[in-house]
Amino acid sequence: KRTMPYYAFIVGVNQDWPEQRCTHGDIGLARCLSRNCHLPKENLAEVYDERATRSNILRVLERLLDRRNETLATRRSNDGDTVDPTAGENNACEETDTLLFYYGGHGKRTAFCTQQQSITNGKIKREPWIKHSDIIDLLERKFKGGTAVCIIDCCHSGGFGEA
């Protein structure tokens with residue numbers, strides 16, 4: 001049985017509108033993709049609120065892309081294609097794969113807001129904002145071929161297209 005070549009990565013740093021999230025926002029989108037579109041659980045990665053630190057966003061997205069690349073290598077191997085498992089991301093090129101990247105939260109022209117990391121001695125320590133270029137660089141390195149659809153739901157979202 002082949003896994004659908006669709007993947008989704010949803011980030012929500014959006015505690016300001018809790019009543020809307022389950023139907024119109026990040027959580028609602030994830031539910032729709034899994035329930036209505038039957039996106040397999042292993043192809044959906046979600047990072048919300050306190051877990052939405054810069055390092056965790058990048059780690060979870062990279063893990064999803066690595067899983068996609070491993071699945072693609074297995075598909076090719078099962079189809080009789082020659083696959084070099086050590087080729088990693090350079091081996092992954094499937095034009096039918098689609099990735100949905102969704103960010104909902106606060107933003108500025110060049111970056112997305114991340115959730116606070118910790119409070120020490122009454123002072124909030126935050127990880128740095130996650131730069132748009134960090135996301136784009138990771139996608140370009142790990143998501144070869146296919147189509148990436150990015151939905152950015154934050155202030156200054158147009159800056160993502162300029163990165």
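Which residue in β3 does Ile10 stand opposite? The answer is Tyr102. The model is predicted, and this report walks through its strands, its salt bridges and one charged patch.

**Strand β1 and its partners**

Start with strand β1, which covers residues 6-12. Six of its seven residues are buried, so β1 is largely enclosed by the rest of the structure. Strand β3 spans residues 98-104. Seven bridges join β1 to β3, and the two run parallel. The facing pair of Ile10 and Tyr102 belongs here.

β1 also pairs with strand β2, residues 44-48. That pairing is parallel too and has five bridges. Here Gly12 stands opposite Tyr48 in β2. In a regular strand, side chains alternate between the two faces of the sheet.

**The three-strand sheet**

Another group of strands forms an open sheet with the order β4-β5-β8. Its pairing is antiparallel. β4 (107-108) and β8 (130-131) stand at the edges. Each has a single partner strand, so one side of each is left without a neighbour in the sheet.

Strand β5 holds residues 111-112. Two bridges join β5 to β8. Across this antiparallel pair, Phe112 stands opposite Ile130 in β8.

**Salt bridges**

How many salt bridges are counted? The count comes to five. Three of the pairs are set out below, with the closest N to O distance for each.

| Acidic residue | Basic residue | N to O distance |
|---|---|---|
| Asp134 | Arg54 | 2.9 Å |
| Glu62 | Lys142 | 3.4 Å |
| Glu162 | Arg109 | 2.5 Å |

Take Asp134 and Arg54, which form a salt bridge. Asp134 lies in helix α4 (residues 132-142) and Arg54 in helix α3, so the pair ties together parts that are 80 residues apart in sequence. Is Asp134 buried or exposed? Asp134 counts as buried, at 18% relative accessibility; the cut-off for buried is under 20%. Arg54 counts as partly exposed, at 25%.

Next come Glu62 and Lys142, also joined by a salt bridge. This pair links distant parts of the chain, with Glu62 in helix α3 and Lys142 in helix α4, 80 residues apart. Glu62 is partly exposed, with a relative accessible area of 27%. Lys142 counts as buried, at 9% relative accessibility. The pair does not stand alone: Glu62, Asp66 and Lys142 are linked in a network of salt bridges.

Then there are Glu162 and Arg109, whose side chains meet in a salt bridge. Glu162 lies in helix α5 (residues 159-162) and Arg109 in the loop between β4 and β5, so the pair ties together parts that are 53 residues apart in sequence. Glu162 counts as exposed, at 54% relative accessibility. Arg109 is partly exposed, with a relative accessible area of 42%.

**A positive patch**

Which residues form the positive surface patch? They are Arg51, Arg59, Arg63 and Arg67. Arg59 has its place in helix α3, residues 54-78. At 42% relative accessibility, Arg59 counts as partly exposed.

**Helix α3 in review**

Several of these threads meet in helix α3. Arg59 of the patch lies in helix α3. Arg54 of helix α3 pairs with Asp134 of helix α4. Glu62 of helix α3 is linked to Lys142 of helix α4.

Key: Residues numbered from 1 in each chain as written. Predicted model: local features only at pLDDT ≥ 70, side-chain atom pairs only at ≥ 80, totals over all residues. Heavy atoms only, no water. Buried < 20%, exposed > 50% of the residue type's maximum accessible area, 1.4 Å probe, protein only. Helix = DSSP H or I, 4+ residues; strand = E, 2+ residues; numbered from the N terminus. Pairing = 2+ DSSP bridges. Patch = residues over 30% accessible without salt bridge, like charges linked within 9 Å, V, L, I, M, F, W, Y side chains within 5 Å. Areas by Shrake-Rupley, 256 points an atom, 1.4 Å probe, with all protein chains shown as cover. Salt bridge = Lys/Arg side-chain N within 4 Å of Asp/Glu carboxyl O. Lys, Arg positive; Asp, Glu negative; His and termini not counted. Charge placed at Lys NZ, Arg CZ, Asp CG, Glu CD.
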